[in-house]
Structure formats: C-alpha cells, structure tokens
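Here are my notes on this one, as promised. Have the model open while you read, and go through the points in order.

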Amino acid sequence: MQRKLPPNLHKATQAIYAGQLERPVYGEVSVPIFQTSTFAFPSAEEGAARFSGESPGYIYTRMGNPTVHALEDNLAALENGSAALATATGMAAITTVFLSLLSQGDHLVAEHCLYGPTEVVIEAEMPRFGIEATLVDTSNLSAIEPALRPNTRMIYLETPTNPTMKITDIRGAAAIAHRHGAWLTVDNTFCSPYVQRPLDLGADLVIHSLTKYLNGHSDVVGGMIVVKDAELYRRLKRVLTLFGATMDPHQAWLILRGVRTLPLRMERSQDNALKLAEFLSRHPKVTWVRHPGLPDHPQHGLAQAQMDGFGAMLCFGVQGGLEGAKTVINRMRLITRAVSLGGVESLIEHPASMTHAGVPREKRERAGIGDELVRLSVGCEDVRDLQADLDQALNKIP
Ligand code: LCS
C-alpha cells in the first residue's frame, strides 16, 4: 500500500514522495528493492483470495511487485493519471499498447516522424497481425481527419518529434480522436511529465521510455504506460502480465531514485538547451536550429501553450551536409557520441545513420531527417563547457 500524501502537491514534491510505501518495514526513507520472484501465502485460503482478486496481496513478480508498484504510482502521480504500468523498455510499453488495444482488422493513424524502431514496428511488424497504419504529419491537424477510417482505433504521436522537434496540438488531436471513437496515445519521452502532461490535454494513454529523462543517468532501460481510465488499465495489465514484458524490481528502484531529481535535472538541462539553441542559431557553420523555445520555431506559440518549458532536446543542420555532420560529431571532445537522450551528460548523434537508419531514406527525408541533421540531447553540465565544445567542433568544418 502506498503512503497517502497531502492533496495538490507540486510536481517537484511529487517526484520525491509519490509512490512511497505506507508502512515502511524498518522506517526506511528509500523504497526497498523487493528482490523476490514470488511471495509466500500465509495460508491456502489467502493464496486463493489473492488469485481471485479478493485480497490485494502480491503473488508473483511478473504479476506485480512492491518496488515496481512504487514507481508506477510515482509516474501516475506525475502524469496526473490514475494508474501506470512499468515495462521492460520503452519499446515494450509501445508494443504492449498496440497488442492490448488493437486487433486484426483495426487501423492506426500515426505521426510520420517517430523514433525509428516505433515506426518500423508500426509499418513492418503490426501488419503481420492484420493491423494497418496510415502515417501523416500530425503537427498539421487537418492531415489527420482524411486519414481516419471507420476501423481506426487509435491515433499515435510523439510531440516534440524525435528528432525533428515538430509539435502536435495534443488537445486538437484528442478532439479528433474522440469524435471518431478512437484513443489518442502520446509518447511523452522527449518532455517527461515535468514539462508536458498529455492526459491533462485529453490524451487517453501516455507512453515513456524511462531510459531517458525519468531515470536520467544513462544507466538503465525501462518503459511506462500511464492512463486515467480503469478499464483501459485492466486491459493493458492483463496483456502485459500475460505477454511478460514487465519490469524487474532492481530496474524499478534505480529509476525511482532517478525520478527524485527529475525536476532539478529538467530545469538545468532545459535552461542549458535554450542557451545552446541561441548560440547555435548565431554560429556561421550552422544552417538552421530547431528547438521549441526559439521564436523562429514554427510552433513556438503552441509549445508555450501546451508545455511547461521547452525541454532539452534540439537538432540543427550544419554546412557541408553529411561530411559536415560527421566532422562535428567526430570532433567533440566533451559531448559524448551516443544515441539515447535525457541523461545528465550531453549526447550527440546523427539520426539519418543511427537512430533512424532503419527508416527508408525517402521516408526519412520526407519526415525532415536530412543528412545534415545533428541531434543534441543537452545535459546538466556547465553550459559554458558545452558551448566551447560545440564551437571548436563546428569550426573544424572546412
Ligand atoms: N520513444 C522515444 C521517443 C524514444 O526516443 C525511444 C528511444 C523509445 C521510445 C524506446 O525506448 P527504449 O526501448 O529504448 O527504452 N530512443 C532512443 C534514441 O533516440 N536514441 O536511442 C534510443
């Protein structure tokens, strides 16, 4: 059972306390790691009562574990949802949503610029189960409606998109979905609930790769689904438990530790990101910069309206196309060349040849992922060191 907290706490407080146990075993301040695969029944009757749902006690870790539960309650609170489900990875959260809620003959409308593997799942794997998709630019709301079919069950999007930083009006997309009796699912990985809470804007499901900001230290993978509706939760929980893409208690504990500093890390990294976006906009070797906090972002106003801050991701184009991008990435002295994002350390990568290499070139380019595009996940370092590193690397472009 989880500790009851005063109502209306702010996000920075919830991040620290939400999900803690109601009755700590020894007065411990940190939630323990319940590293056990199974839970003893005090009697045969109690075992039967747990299986029938009459008793809330734990049974078996794939079906539920107190450490994992603490993380789920924490995330449900941060996203203003009613319940959450932790998964082995972010991809496990995405596939659990599809496998739980879509069936043979159903149709999905999805944003056409998604994290590469998400798009590959939608386009190459789901059709094997008879689930078809139409990919559109959801940042243009008027592109969604014509893609809907009578059998469309879900609209799926990321905002901002990975890596192009396009923004979709969540409230508008939710209204379209609900008019057609479909669910709206938002992958909120790029923002974290500290910056954006899609359920408040009408989304039905929120997905996270916890590998990113929520954990924040680039040392663990994990995923989460958050919902408001109890029926949706029951359906997802059943499929997740049966299909088995669940989270391990040690993994949950590490992420729970990370979440406690989410607000501090987000404040610092998004402050750094805006400063770097401004610096890059002025740099002679940079051809364009895309960050929601820049006034020249085409949806800057929408970002101000639906986000609390602008996040800490950005992308930019460099002179010299592919060669220019490779030069910048190779010449970094401090910023790490790696995929992933949302850690305390800044990470730089080249989507066309790395995270989005699985997406065919023509589709990639249509989605705005050109060879000159470099993606930067801005961390919590001193921004002067990040700026100096970017400057010296960019100046190596001939
Ligand atoms: N959703 C988004 C928006 C992501 O960026 C990622 C991973 C996932 C879902 C999948 O989460 P995972 O299974 O890895 O926990 N994004 C990565 C990226 O941009 N670079 O490396 C991984």
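From which domains does the shell around the ligand draw at least three residues each? Keep that in mind for the first point; and remember throughout that this is a predicted model.

1. The answer is domain 1 (11-259) and domain 2 (262-394): each of them gives at least three residues to the shell around the ligand. In total, 18 residues surround the ligand. If you want somewhere to start looking, the closest are Asp-187, Ser-209, Thr-211, Ser-340 and Arg-375.

2. Next, the make-up of that shell. By residue class it splits into 9 polar, 5 nonpolar and 4 charged. By secondary structure, the largest share comes from helix H4 (residues 90-101), which supplies 3 residues.

3. Now the polar contacts, beginning with the ligand's oxygen atoms. A side-chain N or O atom of Thr-211 is 2.6 Å from an oxygen atom of the ligand. Gly-90 uses its backbone instead: one of its backbone N or O atoms lies 2.9 Å from a ligand oxygen. On the nitrogen side, a backbone N or O atom of Ser-340 sits 2.8 Å from a nitrogen atom of the ligand. As for cover, the ligand taken alone exposes 480 Å², and the protein buries 92% of that.

4. Which pocket does the ligand sit in? It is the second largest one, so don't just click on the top entry of your pocket list.

5. Away from the ligand, have a look at the loop between strand S4 (152-158) and helix H6 (170-179), where Pro-160 is found. The peptide bond from Thr-159 to Pro-160 is cis, with omega near -5 degrees. Pro-163 has its place in that loop between S4 and H6 too, and the bond leading into it from Asn-162 is also cis, with omega near 5 degrees.

6. One more backbone detail. Met-165 is likewise in the loop between S4 and H6. Its phi is near 65 degrees, a positive value in a residue other than glycine.

Terms used:
Residues numbered from 1 in each chain as written. Predicted model: local features only at pLDDT ≥ 70, side-chain atom pairs only at ≥ 80, totals over all residues. Heavy atoms only, no water. Near = heavy atom within 4 Å. Polar contact = N/O pair within 3.5 Å; in protein donor to acceptor, adjacent residues only side chain to side chain. Areas by Shrake-Rupley, 256 points an atom, 1.4 Å probe, with all protein chains shown as cover. 1 Å grid on protein atoms, 1.4 Å probe; cavity = no way out; pocket = protein on both sides within 12 Å on 5 of 7 lines; lining within 4 Å. Sits in = over half its atoms within 2 Å of the grid points. Helix = DSSP H or I, 4+ residues; strand = E, 2+ residues; numbered from the N terminus. Nonpolar A, V, L, I, M, F, W, Y, C, P; charged D, E, K, R; others polar. Domains from an automatic or database assignment.
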